[in-house]
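Here is a short report to read with the model open beside you. It starts at the chain interface and ends with a few backbone details.

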Protein chains: 2
Amino acid sequence: MRINKEEIEQLEKRYRTTFINSLAGFRQAVLVGTRSKQGVTNLAIFNSLIHLGAHPAFFGLISRPDSVPRHTLQNIIDTGVYTLNFIKADQYKQAHQTSARYDEGISEFDQVGFTPLYLPGFSAPFAEEAVVKIAMKFEENIPVKINGTSLIVGSITQVDIPDELVLDDGFVNLTAADVLISQGLDAYFTANEKGRLPYAKP
Amino acid sequence: MRINKEEIEQLEKRYRTTFINSLAGFRQAVLVGTRSKQGVTNLAIFNSLIHLGAHPAFFGLISRPDSVPRHTLQNIIDTGVYTLNFIKADQYKQAHQTSARYDEGISEFDQVGFTPLYLPGFSAPFAEEAVVKIAMKFEENIPVKINGTSLIVGSITQVDIPDELVLDDGFVNLTAADVLISQGLDAYFTANEKGRLPYAKP
């Protein structure tokens, strides 16, 4: 199938959304934990985690247009902190369920069945069940004016991860913990390792 | 292991780079094809493909600081077009080899063993071997000032994909073609499907 821009624009809306979202390929599934100014916890699945730099350590997330309420983005801006949680693939149904549009006063932790966990001196909730827990400090919200999305930039303030997942050279062996991968808005996967390769030289 | 920001900053440089890059999780491996103003083709592996919107269809890529020459970014800005190529996992060694720092006048297509393919009216080269081929038009380079990276925003102008990979609802079945996934700077994977789920409702 060869399809051009004009033909893509004429696709039926749901078909196009599914096609373009899934065309972007495989990505890390991450549960973003926040707390509102009023103290309501929020947990939402994102598939747009981006590595921006290792020194200092910065990660990004894409937030969609704010034509509908975006509790996660608002909480991040209001409180300045959030958590990134990677879960085991077996919990993909609960993870997906966090994408439902719950009202602002309702916590996805309660509705979906993850347990809020707090670390000393950090107000955003982690999911206790997560294999990898990352505490983030909000740095900047960069608008992508062309379509009203934005790039949320944050710095890593703490990482909590089982010792056995960190290899001798620092590599985080997510495959060993069967960490959840996503594609598009509704498809979930685990990874099979092909291999690691040495630094490439010409 | 629980490690905080100050401890991360004190890690040995290579260990830290490996740790933070791999901590960002699984992502789509994509070969970005470009051609310089002088006509030299370039093919480079990226792991930062981002879905920005479906209507219109926009994808992003993160480009690292330009303290070293970035042929891909320069070619995109100079010519306004580029290609995104997803390959089968079996070609992960060739894909990884495109990350070597070849001189500006040298084409990774020749060095690594992918075949340049051109579509009518589009000057950037595809990799003929790619399962999914996406033609992109450069829209905007958004600086991430905090660390000198940037978000390259492009619009999809054409998609070329085998019919059998596009399901009835528009979902692109990348697993069926064993499309390559990456983690960190040197680890490669394929995906095992856990399942697709219906739209989540409260």
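## Polar contacts across the interface

How many residue pairs are in polar contact across the interface of chain A and chain B? The rule finds 43 such pairs, with both residues at pLDDT 80 or more. A polar contact here is a pair of N or O atoms within 3.5 Å; within protein, one must be able to donate a hydrogen and the other to accept it, and residues adjacent in sequence count only if both atoms are side-chain atoms. On the side of chain A that touches chain B, the largest share, 10 residues, comes from strand β13 (residues 187-196) of chain A. Helices (H or I, at least four residues) and strands (E, at least two) are DSSP runs, numbered from the N terminus.

A word on conventions: this is a predicted model, in which local features need pLDDT of at least 70, side-chain atom pairs count only at pLDDT 80 or more, and totals for chains, interfaces and linings use all residues. Residues are numbered from 1 along each chain as its sequence is written, chains are lettered from A and ligands numbered from 1 in the order in which they are written, and side-chain values use heavy atoms, with hydrogens and water left out.

## Extent of the interface

In contact terms (heavy atoms within 4.5 Å), 95 residues of chain A meet 95 residues of chain B. The buried area between the two chains is about 8600 Å², and carbon and sulfur atoms give 62% of it. That area is the accessible area (1.4 Å probe) that two parts lose on being put together, summed over both. A:Phe26, A:Lys194 and A:Leu197 supply 9% of what chain A buries against chain B, more than any other three residues.

## Symmetry and paired strands

Chain A superposes on chain B by a rotation of 180° with 0.0 Å of shift along its axis (RMSD 0.0 Å). This is the relation of a two-fold axis. The superposition is by least squares on the C-alpha atoms of residues with pLDDT of at least 70 in both copies. Because 100% of the interface residues of chain A are also interface residues in chain B, the copies meet through the same surface.

The β13 strands (residues 187-196) of chain A and chain B pair in the antiparallel sense over 9 bridges; pairing requires that DSSP finds at least two bridges between two strands. Within this pairing, A:Asn192 has B:Thr190 as its bridge partner.

## Salt bridges

A salt bridge is a side-chain nitrogen of Lys or Arg within 4 Å of a carboxyl oxygen of Asp or Glu. There are 12 over all chains, and 6 between chain A and chain B. One of these links A:Arg2 to B:Asp160, with the closest N and O atoms 3.0 Å apart.

A:Asp90 and B:Lys194 also meet in a salt bridge (3.2 Å, N to O). A:Asp90 lies in the loop between β7 (81-86) and α4 (92-97) of chain A and B:Lys194 in strand β13 of chain B, so this pair joins two chains.

## Backbone details

Where should you look for a cis peptide bond in chain A? The bond from A:His55 to A:Pro56 is cis, with omega near 0°, and A:Pro56 lies in the loop between β5 (50-54) and β6 (57-63). In chain B, a cis peptide bond joins B:His55 and B:Pro56.

A:Asp178 has a positive phi of about 55° although it is not a glycine.
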